[in-house]
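Please take some time with the sequence and the structure shown below, and keep both in view while you read. The paragraphs that follow lead from one part of the chain to the next.

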Amino acid sequence: MWLNIGTFLIAIGVHFFKFPNNFNIGGVTGLAVVLGYWYPNISASLFMFILNTILLIIGYMCFGRSFGFKTTYSSLILSVMVAVMEKIAPMHHPLTEQPLMELIFAVILPGMGAAIIFNIRASNGGTDILGMLMKKYTSLNIGTALALADLTIASLNFIAFGPTSGLYSLLGLLCRATITDHVIESLNLHKHYTIITSNEKAVVDYITHNLNRSATKIKAEGAFSGQPKVMLITVLKRSQGVMLQHFLNEHDPEAFVYVTNTSKIIGKGFAVGMRDL
């Protein structure tokens, strides 16, 4: 479900905002924009399908079964979704006369879709495969390799469409990574609670039985009062954090609580949400 939702968001951004404005923000879709301009008799969605298929074949030849079904599925279904949109709602010109606003949507929608896909440990293939290949056969890390590949593709807009389109494309490329990282972090945002309390049993029972989470207990002592305390450490979803705060306000108003945000948690009961490159 999440793979389809993420791919659908990318397809909307590509068909309704990237292609009509000739925005090239790297990747296979960016290369399809330029090739579609140079070879107008072939649709951009067909170029996407051909390029993705070639890259997938190379990926399987170089990485074998470890390459992944999800990447293959997402890569091919994106081309199909864009092709269907071309038939249902063909775009012969931009939706508005505000290219900057359309650039924002051309960056945000695919950025959100890519973040959802990355968050379930998949990708859209495309230039991700080039990055993996460059990492395997050169000394570059995958982040640098992807940046170089996308920068090269985006720069083609200066040749195909002139400086205005080229600058818009570079601006979109600079913003895309930031948006994708921000969405991934938001999807995985949890609340890290540190609670110093004298009412240990009630708070622990609520966390374990009502919230179905665990906590770490550390014996402590108040520096001023000298009274025995317990420090509880737990990590909760945002909705669970709200519930815990209400409980503490009602049943343990004297508790000292501080909360921090965290988006990368490794351990039992939690999945690693961020993509490790």
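**A walk through the chain**

In strand S3, the residue that serves as bridge partner of lysine 191 is leucine 236. This pair belongs to a set of eight bridges that join strand S1 (residues 190-197) to strand S3 (residues 228-237), and the two strands run antiparallel. Strand S1 also pairs with strand S4 (residues 256-262), again in the antiparallel sense, over seven bridges. Here isoleucine 196 has phenylalanine 256 as its bridge partner in S4. As you follow these pairings, bear in mind that the model is a predicted one.

It helps now to step back and look at the whole chain. The secondary structure comes to 10 helices and four strands, and from the N terminus on the order of the elements is α-α-α-α-α-α-α-α-β-α-β-β-α-β. Of the 277 residues in the protein chain, 42% are buried. Among the contacts with a separation of 6 or more, 72% are between residues 24 or more positions apart.

Consider next helix H9 (residues 200-210), in which Val203, Val204, Tyr206 and Ile207 are buried. Why do these four residues lie on the same side of H9? They cover an arc of only 160° around the axis, and this puts them on the same side of the helix. A general point about helices is useful here: an α-helix has 3.6 residues a turn, so residues three or four places apart point the same way. On the other side of H9, Lys201, His209 and Asn210 are exposed. The cover over the buried residues of H9 includes S1, strand S2 (216-221), S3 and helix H10 (238-251).

Just after H9 comes asparagine 212, which takes a positive phi of about 55°, a positive value in a residue other than glycine. Asparagine 212 is found in the loop between H9 and S2, and it counts as exposed because its relative accessibility is 65%, where over 50% is required. Asparagine 22, in the loop between H1 and H2, likewise has a positive phi, near 60°. With a relative accessible area of 26%, however, asparagine 22 is partly exposed.

Aromatic rings give another way of tracing the fold, and a search of the whole structure finds six aromatic pairs. One of them is formed by phenylalanine 17 and phenylalanine 105, whose ring centres are 5.2 Å apart and whose planes are at 15°, so the pair is stacked. This pair links distant parts of the chain, since phenylalanine 17 is in helix H1 (residues 2-21) and phenylalanine 105 is in helix H5 (residues 99-119), 88 residues apart. Are these two rings buried or exposed? Phenylalanine 17 is buried, with a relative accessible area of 11%, whereas phenylalanine 105 is partly exposed, with a value of 39%. The rings of tyrosine 206 and phenylalanine 247 also form a stacked pair, because their centres are 4.2 Å apart and their planes are at 10°. As tyrosine 206 lies in helix H9 and phenylalanine 247 in helix H10, the pair ties together parts that are 41 residues apart in sequence. Both tyrosine 206 and phenylalanine 247 are buried.

The last topic is the interior. In soluble globular proteins, nonpolar side chains tend to be buried together. The largest nonpolar core in this model has 23 residues, and those with the most contacts inside it are Ala11, Val14, Phe19, Ala32, Met48, Leu78 and Val82. The elements that give two or more residues to this core are H1, helix H2 (27-38), helix H3 (44-63), H4 and helix H6 (127-137), and the largest share, six residues, comes from H3. Valine 14 shows how such residues meet, for beyond its neighbours up to four places away in sequence it touches Phe19, Pro20, Thr29, Met48 and Val82. Apart from this core lies another, of 14 residues, among them Val204, Tyr206, Val230 and Leu232.

A polar residue can be buried as well, as serine 79 in helix H4 (residues 69-88) shows, since its relative accessibility of 3% makes it count as buried. Setting aside residues up to four places away in sequence, serine 79 touches Ser45, Met48, Phe49 and Asn52. With asparagine 52 the contact is a polar one, made between the two side chains at 3.4 Å.

Notes
Residues are numbered from 1 along each chain as its sequence is written. This is a predicted model: local features need pLDDT of at least 70, side-chain atom pairs count only at pLDDT 80 or more; totals for chains, interfaces and linings use all residues. Side-chain values use heavy atoms; hydrogens and water are left out. Buried means under 20% relative accessible area, exposed over 50%, partly exposed in between (1.4 Å probe, protein chains only). A polar contact is a pair of N or O atoms within 3.5 Å; within protein, one must be able to donate a hydrogen and the other to accept it, and residues adjacent in sequence count only if both atoms are side-chain atoms. Contact means heavy atoms within 4.5 Å. Two strands pair if DSSP finds at least two bridges between them. The arc is that of the directions from the helix axis to the C-beta atoms. Rings of Phe, Tyr and Trp (its six-membered ring) pair if their centres lie within 6.5 Å; planes under 30 degrees apart count as stacked, over 60 as edge-to-face and the rest as tilted. A nonpolar core is a set of buried Ala, Val, Leu, Ile, Met, Phe, Trp, Tyr and Cys residues joined through side-chain atoms within 4.5 Å.
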